Amino acid sequence: MRNQGGALVRELPALRRQFALSGALSTLVAVCVVVQALSLAAALADGVAGAGWAAAAAPAMLALGAFALRGVLGYAAEVSGRRAGAATMRQLRERLIAATLGSAPVDRGDRRAGELATLAVQGGAAVERWAGRAVPQMALAVAVPAAALGTILWLDPLSAALLAPTIPLLIVFLFLVGADARRVADERFATLAMLGAHMLDVVRGLGVLRSFGRAQVQEQQLAIAGEAYRRTTVATLRSAFTSSFALEFIAMLGTALVAVVLGVRLVNASMEFQTAMGVLLLAPELYAPLRRLGVEHHAAADARATLQRVYDAGARPALVPAGRPGGPVPDPGACAIELDAVVVRPPAAGRDALSGLTLTIQPQSVVAIVGPSGAGKSTLLRVLLALQRPDRGRISCGRCPLDEADLEGWRAQLAWLPQRPVILPASLAANLRIADAGADESELWDALELARLDRWASTLPGGLDARLGEGGVAISAGELRRLGLARVALRDPRLVLADEPTANLDSETAALVVQSLATITAGRTAVLVTHQPDVLALADRTVELHDGQLADLPREALVAGALR
């Protein structure tokens with residue numbers, strides 16, 4: 001397991017318990033293996049020597065008892081493994097969900113729902129199998145060969161000398177095969193995640209694709225993704241077959257070599273029958289756990305890929321802490337917001353998203369932000385939302401640094417209108433009350449009227465009780481954007497932040513959104529990211545963001561269409 005995977009293993013209680021329990025059970029199994037082999041060798045030696053049943057009964061019963069205890073321990077390992085696997089899968093999924101919900105919104109948007117579903121379902125099942133079956137086998141692969149080889153060394157150093165070199169050879173081969181299996185597993189998991197994400201996107205947009213005659217193209221894309229997944233699956237099976245063949249061959253070769261030497265020495269009467277039988281019974285036990293580990297090795301490879309991805313998900317930037325709870329709560333509707341030399345560099349990015357940005361937003365003014373894609377506009381909005389902490393620089397409102405403010409109180413004064421507002425599979429009222437849980441019915445209708453959505457809502461079966469989203473009323477992009485505006489109105493914010501409020505809307509719907517936005521931003525502080533002239537006309541000031549730097553633009557440039 002890589003360092004990151006090992007770090008995640010330490011954070012999963014079920015896995016820690018499973019490692020400890022597997023180590024204890026494997027030690028007991030190793031003792032049973034040695035006792036069983038030595039007792040059975042003694043019983044057979046007494047039988048061959050003609051000592052009779054009375055002499056062979058005691059070692060035979062001891063061998064039978066060790067065999068029975070070994071079976072009980074194997075059953076206990078199986079039961080504990082299943083329980084640990086289920087618990088580990090549950091804890092892993094809980095961690096994945098917590099990491100997803102606790103990440104910055106930009107990270108949730110970048111990782112599509114299909115990829116998360118693949119990671120939670122397929123990856124969770126791989127980790128369950130690894131924790132339930134591969135981890136106990138790993139413990140057995142350490143304890144049993146060590147006990148068997150140590151006993152063989154005590155019984156017959158020559159046989160131990162013949163067997164000992166095959167163990168490092170087996171381990172080295174396992175390592176080499178494991179590296180290939182890890183690569184194949186990573187490729188297979190990435191391909192499966194891509195296929196799942198693409199399939200989900202196609203299903204969601206199937207109606208639009210059919211209406212524009214693009215269904216055939218997506219069918220071809222799915223066929224390409226499916227073929228890629230088939231190739232990676234065949235490569236995984238090929239790797240599994242190769243490793244199994246090599247392990248079986250090395251184990252067979254080592255056991256056969258010792259058996260031949262033991263036979264020759266018995267014919268020459270240079271060793272006792274009981275010792276030879278003890279060595280011969282222990283030799284297969286030396287390889288058996290390693291061979292079974294090879295079978296589970298690919299489950300471990302899949303689990304490594306899953307643990308690495310879940311660890312990466314947990315390592316993404318988390319939501320900014322709540323500042324100082326109980327601290328001051330500056331009013332963005334009455335005080336200027338000042339950004340002084342703000343620098344933000346996203347993780348794994350080669351450049352700053354915001355590079356020494358300085359901006360003052362006057363109270364009750366509307367500031368429009370324009371700029372090319374990737375210029376840092378969304379990052380600026382996240383900084384203002386206090387969802388991303390700058391790497392350097394200072395943000396303050398009314399001379400109160402946000403680091404010293406109660407950020408929960410700060411966010412309570414803000415309203416955020418993204419390009420794709422979230423819709424819950426619930427009633428229209430429940431979707432509106434995301435903004436204000438205590439809003440009564442009249443306030444909901446007032447917000448819908450302000451967003452020019454009241455007529456649409458009145459036609460729904462059940463009105464405010466109509467279910468939206470999955471299993472309910474379908475909602476268009478324009479209606480969804482206006483639903484977001486209704487939430488903004490219902491929240492009655494001091495600061496409004498909007499990201500491309502009219503993007504991808506037809507002219508009639510965009511005009512309705514602009515009218516609603518003009519009403520909502522009147523007398524409020526607002527920051528609007530947009531390129532649309534109708535929205536820019538609402539702004540008191542327009543600035544261009546380029547390579548993390550801001551520059552004021554005169555209204556004449558906008559009128560001339562320089563930004564189109």
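**Exercise 1. Is Leu 281 buried, partly exposed or exposed?** Place the residue in the predicted model, then list what surrounds Leu 281.

*Solution.*
- Step 1. Find the element. Leu 281 sits in helix H10.
- Step 2. Read the accessibility. Leu 281 has 25% relative accessibility. Buried means under 20% and exposed means over 50%. Leu 281 therefore counts as partly exposed.
- Step 3. List the contacts. With neighbours within four places in sequence set aside, Leu 281 is in contact with Ala 37, Leu 40 and Ala 41.
- Step 4. Check a distance along the chain. Val 34 and Leu 281 are 247 residues apart along the chain, yet their C-alpha atoms are separated by 9.3 Å.

**Exercise 2. Describe the whole protein before going further.** How many helices and strands are there? What share of the residues is buried?

*Solution.*
- Step 1. Count the elements. The secondary structure has 19 helices and ten strands.
- Step 2. Take the buried share. Of 564 residues, 46% count as buried.
- Step 3. Look at the surface. About 27,200 Å² is exposed, and carbon and sulfur atoms supply 60% of that area.
- Step 4. Look at the contacts. Among contacts with a separation of 6 or more, 79% are between residues 24 or more positions apart.

**Exercise 3. Trace the salt bridge of Glu 285.** Which residue is its partner, and which parts of the chain does the pair link?

*Solution.*
- Step 1. Name the partner. Glu 285 forms a salt bridge with Arg 70, and the closest N and O atoms are 3.0 Å apart.
- Step 2. Place both ends. Arg 70 is in helix H3 (residues 53-102) and Glu 285 is in helix H10 (residues 273-314). The pair links distant parts of the chain, 215 residues apart.
- Step 3. Judge the burial of Glu 285. Its relative accessible area is 16%, so Glu 285 is buried.
- Step 4. Add the other contacts. Not counting residues up to four places away in sequence, Glu 285 touches Val 33, Arg 70 and Val 144.

**Exercise 4. Follow two further salt bridges.** How many does a search of the whole structure find? Which residues do Asp 156 and Asp 331 pair with?

*Solution.*
- Step 1. Take the total. The search finds five salt bridges.
- Step 2. Recall the principle. Side chains of opposite charge can pair when their charged atoms come close.
- Step 3. Take Asp 156. Its partner is Arg 265, with the closest N and O atoms 2.6 Å apart. Asp 156 lies in the loop between helix H5 (113-155) and helix H6 (157-163), while Arg 265 lies in helix H9 (residues 215-267). The pair therefore ties together parts that are 109 residues apart in sequence.
- Step 4. Check burial at each end. Asp 156 has 5% relative accessibility, so Asp 156 counts as buried. Arg 265 has 16% relative accessibility and counts as buried.
- Step 5. Take Asp 331. Its partner is Arg 494, with the closest N and O atoms 2.8 Å apart. Asp 331 is in the loop between H10 and strand S1 (337-344). Arg 494 is in the loop between helix H16 (477-491) and strand S7 (495-499). These residues are 163 residues apart.
- Step 6. Check Arg 494. Its relative accessible area is 36%, so Arg 494 is partly exposed.

**Exercise 5. Map two surface patches.** Which residues make the nonpolar patch, and which form the negative patch?

*Solution.*
- Step 1. List the nonpolar patch. Leu 40, Leu 44, Val 48, Leu 266 and Phe 273 make a patch of about 380 Å².
- Step 2. Find the main contributor. Helix H2 (residues 13-48) gives the most, with three residues.
- Step 3. Check one member. Val 48 is found in helix H2. At 59% relative accessibility, Val 48 counts as exposed.
- Step 4. List the negative patch. Asp 440, Glu 441, Glu 443, Asp 446, Glu 449 and Asp 465 form this patch.
- Step 5. Place one member. Glu 449 belongs to helix H14 (residues 441-450).

**Exercise 6. Examine two backbone angles.** Where do Ala 269 and Gln 364 lie?

*Solution.*
- Step 1. Take Ala 269. Although not a glycine, Ala 269 has a positive phi of about 60°. Its place is in the loop between H9 and H10.
- Step 2. Read its accessibility. Ala 269 is at 64%, so Ala 269 counts as exposed.
- Step 3. Take Gln 364. This residue has a positive phi of about 60° and is not a glycine. Gln 364 lies in the loop between strand S2 (354-361) and strand S3 (366-370).

Technical notes: Residues are numbered from 1 along each chain as its sequence is written. This is a predicted model: local features need pLDDT of at least 70, side-chain atom pairs count only at pLDDT 80 or more; totals for chains, interfaces and linings use all residues. Side-chain values use heavy atoms; hydrogens and water are left out. Patches are made of residues with over 30% relative accessible area and no salt bridge: like charges are joined within 9 Å, nonpolar side chains (Val, Leu, Ile, Met, Phe, Trp, Tyr) within 5 Å. Accessible areas come from the Shrake-Rupley method with a 1.4 Å probe; for residues, only the protein chains shown count as cover. A salt bridge is a side-chain nitrogen of Lys or Arg within 4 Å of a carboxyl oxygen of Asp or Glu. Lys and Arg count as positive and Asp and Glu as negative; His and the chain ends are not counted. The place of a charge is taken as NZ of Lys, CZ of Arg, CG of Asp or CD of Glu. Helices (H or I, at least four residues) and strands (E, at least two) are DSSP runs, numbered from the N terminus. Buried means under 20% relative accessible area, exposed over 50%, partly exposed in between (1.4 Å probe, protein chains only). Contact means heavy atoms within 4.5 Å.
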